[in-house]
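Trainee: I should be grateful for a close look at a single strand of this model and at what surrounds it.

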Amino acid sequence: MTNETIHRSVLTAEMKTALAVKSGGTYLDGTFGGGGHSAALLEASYPDGKVVALDRDPMVEPRGRQYEERYPGRLVFHQMSYHKMKDLNKLFDGIVLDLGMSSDQLSATGEPIGRGFSFSRDEPLDMRFDPTSGASAAMFLRQASLLEITRMLSELAQDRYSLTLARKIVETRRTSPIKTTTDLVRVIGNSNPKVLAPIFQAIRISVNRELEILKAGLLAAKECLRQDGRLAVITFHSVEDRIVKSFFRENNFELVTKKPIAPSEDELQSNPSSRSAHLRAGIIKEESES
Ligand SMILES: C[S@@+](CC[C@H](N)C(=O)[O-])C[C@H]1O[C@@H](n2cnc3c(N)ncnc32)[C@H](O)[C@@H]1O
C-alpha cells in the first residue's frame, strides 16, 4: 500500500457536526484508513486540536507516519485495534469509528494488492485487516463447521440459501481447498455482485471478529470519553447498526442523532460506496445516582 489513498471518506461533515469538534479538543479516530476523517478533525479543531489515530492494518502505518510529519505535535498514529483504546490512558472530547474496510484495502491507487477482499480480482483469500494475526478467510473456510458457516451466512449475509451454500463449501473443500477469491466465487456459482458482496462481507466480518470487537470497542469508548464527550459511529451493515443503537440506548448517552444519518443525495452520487453508511452519535452523560 502506498501513502496515497483512493478511499473517499463518508459522512465527513455530518461526523464533524455530530462530534461538535472545537479548537483545543482532543479526538480519537479509531479507524484511520485513508486519513480523511483525521484530516477533517484536525482542520475543524485548528490550530491546537489533537488527534490520536489508530488502525489495525499494518499497511496503513506509513500513511499514519506521514500524517504525524504533516501535522507535527497534533497527530499521533498507533497501529492497533480500537477496542484496545484504554491502553492509551487518555480521555477524549470525541471519538469516531468508521467501520469496515477502506477502498485502499481493495486496491492501492487502482492496482490490485492481493488481500482477498474483492470478488472481482483473483487473489489469495486472506481478508485479515491485520495479516500478521489470526486465521485467514481460506483457513476459516477450511476449518469452520457446517453449522458455523450456515449461521455466519444467514446472520451476516442474510442469505436465503445459507445451508445450501454452506454444504457446497464443505463438500468442495473435501477434494479441493478454497484458497483464492476465484475458488470462492466458483463455489458460490453466481457472478452477480449483489449476491457476492454480502457473502464476501459476511466472511470478512467473521474473519476479523468485527462484531465482537465493535461491542468491546463501544464499551472502551464509554470509558475513554470526558464528561459530555461525544461518540460517532459509522456502520455499513444492519447488524452493526443494531449493536450501536442498543449500545447508546443501554448506556448513559444522550442521542445526538435520533435516527441514523444516511449520506445525502450529493454524496451518494459522487461516492456510491457510501450507500449503506449510517451514522449514529451520542453524548456521554454522568451516571445518575439512584
Ligand atoms: C472505512 S475505513 C476508514 C476510513 C477513514 N475513516 C477515512 O476517512 O479514510 C476502515 C478502516 O478501519 C480499519 N479497521 C478495521 N477494524 C479495525 C479495528 N478493530 N481497529 C482499528 N482499525 C480497524 C481498517 O483497516 C480500515 O483501514
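Mentor: Two strands are said to pair if DSSP finds at least two bridges between them. The model is a predicted one. Strand β1, residues 26-29, pairs with β2 in the parallel sense, and four bridges join them. Within this pairing, Leu28 is the residue that stands opposite Val52 of β2.

The strand to examine is therefore β2, because six of its six residues are buried and the rest of the structure largely encloses it. In a regular strand, side chains alternate between the two faces of the sheet. In β2, Lys50, Val52 and Leu54 lie on one side, while Val51, Ala53 and Asp55 lie on the other. Both faces are covered, as the residues on each side are all buried. Val52, the partner of Leu28, thus belongs to the side that also holds Lys50 and Leu54.

Strand β2 also takes part in the surroundings of the ligand. Residues 50-55, which form β2, supply at least two residues of the shell, and so does helix α2, residues 36-44. In total, 23 residues surround the ligand, and the closest are Ser9, Thr31, Gly33, Gly34 and Gly36. By character, the shell comprises 13 polar, six nonpolar and four charged residues.

In summary, β2 is a strand with both faces covered, paired in parallel with β1, and it contributes at least two residues to the shell around the ligand.

Technical notes:
Residues numbered from 1 in each chain as written. Predicted model: local features only at pLDDT ≥ 70, side-chain atom pairs only at ≥ 80, totals over all residues. Near = placed C-beta within 6 Å. Nonpolar A, V, L, I, M, F, W, Y, C, P; charged D, E, K, R; others polar. Buried ≥ 20, exposed ≤ 12 C-beta atoms within 10 Å, placed from the backbone.
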